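This briefing sets out the architecture of a single protein chain for computational work. The topics are strand pairing, cysteines, overall dimensions and a selection of individual residues.

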Amino acid sequence: MANRNGFLLLETMVGVAVFAIGVLALARCVQNCLDAEETRRLDELARTVLENRMAEVQAGAVLVEEQPVEEALAGRYSNITLKQWSLPVPLETEERVQMEGVEAVHLEATWPSPHGPQTKTLTFYALDAP
């Protein structure tokens, strides 16, 4: 009878160990899901920042210089740093006439994430205001 009780104890300990390993694996899966959701949320915020700044530049509300300018954003976007700069684009018409005032505007949003710093960029063309 003593052997039977000892074997029952051993079976119980193995069962608890298997259950604990399962719970730890499940906890890791849940953590991965939470990290993925946080990464998605921050990526969406960065996309919104880039879209908003592009609209501001196109509307003429924000001037973008040739030298890169970094700006740490506040409020809802407090974890995001926005870097912006522009370069003149040498374009000419079909008649070989130089077009003036066209710039390639570069926007770069950088933010921390659980897996290291993330970056999203946006480049578009804009006309200088007359």
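In this predicted model, strand S1 (residues 69-72) pairs with strand S2 (residues 81-88) in the antiparallel sense, over 4 bridges. Strand S2 also pairs with strand S5 (residues 102-111), again in the antiparallel sense, over 8 bridges. A further antiparallel pairing joins S5 and S6 over 10 bridges.

**Sheet organisation**

- The 4 strands form an open sheet with antiparallel pairing, in the order S1-S2-S5-S6.
- S1 and strand S6 (118-127) stand at the edges of the sheet; each has a single partner strand, so one side of each is left without a neighbour in the sheet.
- On average, neighbouring strands of this sheet are turned by 20° against each other, direction ignored.
- In a regular strand, the side chains alternate between the two faces of the sheet.

**Register of the paired strands**

- Between S1 and S2, Val 69 stands opposite Gln 84, and Glu 71 stands opposite Leu 82.
- Gln 84 also has a bridge partner in S5, namely Leu 107.
- Ser 86 stands opposite Val 105 in S5.
- The bridge partner of Ala 104 in S6 is Tyr 125.
- The hairpin of S5 and S6 has 6 residues between the strands, and Gly 116 in this hairpin takes a positive phi near 105°.

**Strand S5 and Glu 103**

- Of the 10 residues of S5, 8 are buried, so this strand is largely enclosed by the rest of the structure.
- Glu 103 is located in strand S5 and counts as buried, at 16% relative accessibility; the cut-off for a buried residue is under 20%.
- Leaving aside residues up to four places away in sequence, Glu 103 touches Val 64, Ser 86, Leu 87, Pro 88, Val 89, Phe 124, Tyr 125, Ala 126 and Asp 128.
- The C-alpha atoms of Glu 103 and Gln 58 are separated by 11 Å, although these residues lie 45 residues apart along the chain.

**Arg 53 in the helix**

- Arg 53 belongs to helix H1 (residues 2-59).
- With a relative accessible area of 10%, Arg 53 is buried.
- The contacts of Arg 53, not counting residues up to four places away in sequence, are with Val 62, Glu 71, Leu 82, Gln 84 and Leu 107.
- Among these contacts of Arg 53 are Glu 71 and Leu 82, which stand opposite each other in the pairing of S1 and S2.
- Gln 84 and Leu 107, also touched by Arg 53, are bridge partners across S2 and S5.

**Arg 96 in a loop**

- Arg 96 lies in the loop between strand S3 (91-92) and strand S4 (98-99).
- The phi angle of Arg 96 is near 65°, a positive value in a residue other than glycine.
- Arg 96 counts as exposed, at 65% relative accessibility.

**Cysteines**

- How many disulfides are there in the model? The count comes to 0.
- A disulfide is a covalent bond between the sulfur atoms of two cysteines.
- The sulfur of Cys 29 has its closest cysteine sulfur in Cys 33, at 6.9 Å, which is too far for a bond; the cut-off applied is within 2.5 Å.
- Cys 33 is likewise in no disulfide, its nearest cysteine sulfur being that of Cys 29.
- Cys 29 is partly exposed, with a relative accessible area of 44%, whereas Cys 33 counts as exposed at 55% relative accessibility.

**Overall dimensions and surface**

- The chain contains 1 helix and 6 strands, which run α-β-β-β-β-β-β from the N terminus.
- The radius of gyration of the chain is 28 Å, whereas a compact globule of 130 residues would have a value near 14 Å.
- The C-alpha trace spans about 100 × 35 × 20 Å along its principal axes.
- Buried residues account for 22% of the 130 residues.
- The exposed area of the chain is about 9,500 Å², of which carbon and sulfur atoms supply 60%.
- Of the contacts between residues at least 6 apart in sequence, 42% join residues at least 24 apart.

Definitions and conventions:
Residues are numbered from 1 along each chain as its sequence is written. This is a predicted model: local features need pLDDT of at least 70, side-chain atom pairs count only at pLDDT 80 or more; totals for chains, interfaces and linings use all residues. Side-chain values use heavy atoms; hydrogens and water are left out. Two strands pair if DSSP finds at least two bridges between them. Helices (H or I, at least four residues) and strands (E, at least two) are DSSP runs, numbered from the N terminus. Axes are lines fitted to C-alpha atoms, for helices over the stretch in contact, and angles run from 0 to 180 degrees between N-to-C directions. Buried means under 20% relative accessible area, exposed over 50%, partly exposed in between (1.4 Å probe, protein chains only). The radius of gyration is taken over C-alpha atoms; the globule rule is 2.2 Å times the number of residues to the power 0.38. Contact means heavy atoms within 4.5 Å. Accessible areas come from the Shrake-Rupley method with a 1.4 Å probe; for residues, only the protein chains shown count as cover.
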